[in-house]
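Q: I'd like a close look at a single part of this model, with enough of its surroundings to place it. Here is the structure I have in mind.

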Amino acid sequence: MADIVVMRAVSSDNQAHADVVRKILDDNGVFGMNLLSSPGSGKTTLLEKTIRDNPDLKFGVIEGDVFTARDASRIEAAGAPSIQLNTEGACHLTANMIEMVLPKFELKTLDFLVVENIGNLICPAAYSLGVHKRVVLLSTPEGHDKILKYPQAFNTADMILITKTDVADAVGFDMKVVVEDLKAVNPKVEPWLMSSVTGEGYDRWYDWLRSNKK
Ligand code: MG
Ligand code: ZN
């Protein structure tokens, strides 16, 4: 059973806490990532497969969720320590919350700390968590029109993963629209195509992770 921490969003001065988080991660040689997306885009599935396929890489996961511990239990079953951070209704994580739960990990033993943020594309984008990279997922069933609808989520992304490409044709997902809209919103990031069903994109993702391991 994963550890559950209940926490409210009481962030005054989020950036100061983000700076503390970054220093702790750097001092321990841990590469941090903040996963952002809508609910159901495949964040937990991405993490489960990544953990299972790379037993030599050591992941710790902070699961942000409004109420349940379901995702943390899935991560622990995949073989990585996970802390469930329940926000009691709050719809985003803050750097203060990350700082508070970091001591629950044996950071010296980790290569990566992954924060699975609360599933929404709006306010999580406004809060830096002090990690090194912000990874935003967009699954094909959500539709190809989301880049311009939620520009802040996509223009602050360091990496954009288009997930569930195995059903792209069935749901009428038009990748050309995404590429075109990203040129306006975040031209420096090229979206990567991913499918946990076919395995598309995973080798490239794993290579990218390994290139960032400290
Ligand atoms: Mg999840
Ligand atoms: Zn929020």
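How much area does the protein chain expose, and what share of it do carbon and sulfur atoms supply? From there, please take me to the largest nonpolar core and tell me which residues touch the most other members.

A: Happy to! Keep in mind that this is a predicted model. The protein chain exposes about 9,400 Å², and carbon and sulfur atoms supply 52% of that area. Turning inward, 53% of the 214 residues count as buried. The chain has eight helices and eight strands, and its radius of gyration is 16 Å, close to the 17 Å from the globule rule, so it is as compact as a globular protein of that length.

Now to the core itself. The largest nonpolar core has 25 residues, and the ones touching the most other members are Met33, Val135, Leu161, Trp205 and Trp208. Several elements each supply at least two of its residues, among them strand E2 (31-36), helix H2 (43-53), strand E7 (159-163) and helix H8 (202-212). H8 gives the largest share, five residues.

Trp205 is a good place to zoom in. Not counting residues up to four places away in sequence, Trp205 touches Met33, Leu46, Thr50, Val135, Met159, Leu161, Trp192 and Met194. Across the protein chain, 74% of the contacts between residues at least 6 apart in sequence join residues at least 24 apart.

There is also a second, separate core of 20 residues, including Val21, Ile62, Leu107 and Val131.

Terms used:
Residues numbered from 1 in each chain as written. Chains lettered and ligands numbered in written order. Predicted model: local features only at pLDDT ≥ 70, side-chain atom pairs only at ≥ 80, totals over all residues. Heavy atoms only, no water. Core = buried A, V, L, I, M, F, W, Y, C linked by side-chain atoms within 4.5 Å. Buried < 20%, exposed > 50% of the residue type's maximum accessible area, 1.4 Å probe, protein only. Helix = DSSP H or I, 4+ residues; strand = E, 2+ residues; numbered from the N terminus. Contact = heavy atoms within 4.5 Å. Rg over C-alpha atoms; globule rule 2.2 N^0.38 Å. Areas by Shrake-Rupley, 256 points an atom, 1.4 Å probe, with all protein chains shown as cover.
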